[in-house]
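Here is a friendly walk through one protein model, written with a computational chemist in mind. Have the structure open beside the text as you read.

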Amino acid sequence: MGHSAAVWDYRPAHELTSDWNGNPYVILRNPQGASARISLHGGQVMSWKNEHGEELLFTSSKAVFKPPKAMRGGIPLCFPQFGNCGSLEQHGFARNKVWAIDNNPPPLPPNDSNGKSFVDLILKPSAEDLKCWPHSFEYRLRVALGADGRLSLISRIRNVNGKPFTFSFAYHTYMSVSDISEVRIEGLETLDYLDNLFHRERCTEQGDALTFESEVDRVYLSCPNAIAVIDHAKKRTYVIRKDGLPDVVVWNPWDKKSKAMTDFGDEEYKHMLCVDGAVVEHPITLKPGEEWTGRLEIVVVPSSFCSDHLDLHKVRF
């Protein structure tokens, strides 16, 4: 009989290496063969593969892997600003900075480590960062890979400043899909959303599920803690669970905008979809010494399992 996940020696199951540009990254593995790759540039999950070696995250064939530019794909971290709704660069600076491995992080609950391969990273502002955003913070990130292949990210942002600060946030998750026209999202029905294609006009989702026939750039508000992204062609479903992240951003650039992006292939919009756990409508304000935590967990299941057994409104961490 094999060892159970509860006694799997999880912590040594990660390794530190570097890519062809010399950028360091961490690889997480589980006993079944699933893996995740996290770059120290941006603290960005670059790859997430199941036990069969299938890539579950999208990365553009034209992505630039050289700092300081963020890589187009994976899971960029948008902090302390999401999008262009502030004075900072698009999506903030965290995704463009070099993170460090945190060898002595404050403890997390046992469920966030038991039976998981994980790495802890930390970002603190540089003197350059403080010039454009004058707030001292500690941003701790744990990326974990479960024995069943699920990927989880836990962000802990603490105010170590002498005054309050406010930020918005998103896990800008690029999912790999077979054909965007064969994808639907369940769990967002009847919700209000801000439509970025129409000057952030507030609308209400009318359909039973969200499907895709043209460009979509929306922020769904006050969302449930779980949604499902169903890929009919591959007969698999991404189940996204979140905590501390009330909003969900949904984005696909479609054909016209794809052709305008230098780090994105003209036809690649057909094979990707961004679905982000986010804090956008009501940014977080932290007083000195306060800490915010935002959790994201993604698991891939057969679509038949999801439809028959998963009640999204009852999902909990």
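H172 is found in the loop between β10 (165–171) and β11 (174–176). This is a predicted model, and in it H172 is buried, with a relative accessible area of 6%. Which residues does H172 touch, once those up to four places away in sequence are set aside? The answer is G74, I75, P76, C78, H91, W251, C274 and D276.

**Cysteines**

Two of the residues touched by H172 are cysteines, C78 and C274. How far is the sulfur of C78 from the closest cysteine sulfur? That sulfur belongs to C274 and lies 9.1 Å away, which is too far for a bond. C78 itself is buried, at 0% relative accessibility. A second case is C223, where the closest cysteine sulfur is in C203, at 14 Å, so this pair is also too far for a bond. With a relative accessible area of 12%, C223 is buried. A search of the whole structure agrees with these two cases, finding zero disulfides.

**The annotated binding site**

The UniProt record, an unreviewed entry, places the feature "binding site" at R72, Q90 and R95. These residues span 24 residues in sequence, yet no two of their C-alpha atoms are more than 13.2 Å apart, so they gather at one spot. The lining of the largest pocket includes R72, Q90 and R95.

R72 and Q90 can be looked at in turn. R72 lies in the loop between β4 (44–49) and β5 (77–78), and at 18% relative accessibility it counts as buried, because the cut-off for that word is under 20%. Leaving out residues up to four places away in sequence, R72 touches T59, S60, A63, Y174, W251, M261, D263 and F264. W251 is also among the residues that H172 touches.

Q90 is found in the loop between β5 and β6 (100–101). Is Q90 buried or partly exposed? Its relative accessible area is 40%, so Q90 is partly exposed. Beyond its neighbours within four places in sequence, Q90 is in contact with G83, N84 and R95. R95 is itself one of the positions in the UniProt feature, so the record's site includes a residue that Q90 contacts in the model.

**Salt bridges**

Side chains of opposite charge can pair when their charged atoms come close. How many salt bridges does the structure hold? There are 18 salt bridges, and the table sets out three of them.

| Pair | Closest N to O | Relative accessibility |
|---|---|---|
| R140 and E138 | 2.9 Å | R140 16%, E138 19% |
| D192 and R202 | 3.2 Å | D192 26%, R202 48% |
| K270 and E267 | 2.8 Å | K270 32%, E267 42% |

In the R140 and E138 pair, R140 counts as buried, and E138 is buried too. Salt bridges that share partners join D102, K124, E138 and R140 into one network.

In the K270 and E267 pair, K270 counts as partly exposed, as does E267.

For D192 and R202, whose side chains meet in a salt bridge, D192 lies in strand β13 (residues 192–195) and R202 in strand β14 (residues 201–204), so the pair ties together parts that are ten residues apart in sequence. Both partners fall into the partly exposed class, D192 at 26% and R202 at 48%.

**The nine-stranded sheet**

What is the strand order in the open sheet of nine strands? Reading across, the order is β6-β7-β8-β9-β21-β18-β17-β12-β15, and the pairing is antiparallel. At the edges stand β6 and β15 (210–211), each with a single partner strand, so one side of each is left without a neighbour in the sheet. The edge strand β6 also marks the end of the loop that holds Q90.

Within the sheet, strand β17 (residues 226–231) and strand β18 (residues 236–243) run antiparallel and are joined by six bridges. To find your place in this pairing, look for A226, which stands opposite R241 in β18.

Definitions and conventions
Residues are numbered from 1 along each chain as its sequence is written. This is a predicted model: local features need pLDDT of at least 70, side-chain atom pairs count only at pLDDT 80 or more; totals for chains, interfaces and linings use all residues. Side-chain values use heavy atoms; hydrogens and water are left out. UniProt positions are given in the numbering used here, feature names are shortened, and annotations may be inferred rather than shown by experiment. On a 1 Å grid over the protein atoms alone, a cavity is a set of points where a 1.4 Å probe fits but cannot get out, and a pocket is an open set with protein on both sides within 12 Å along at least five of seven lines; lining residues have an atom within 4 Å of a point. Helices (H or I, at least four residues) and strands (E, at least two) are DSSP runs, numbered from the N terminus. Buried means under 20% relative accessible area, exposed over 50%, partly exposed in between (1.4 Å probe, protein chains only). Contact means heavy atoms within 4.5 Å. A disulfide is a pair of cysteine sulfur atoms within 2.5 Å. A salt bridge is a side-chain nitrogen of Lys or Arg within 4 Å of a carboxyl oxygen of Asp or Glu. Two strands pair if DSSP finds at least two bridges between them.
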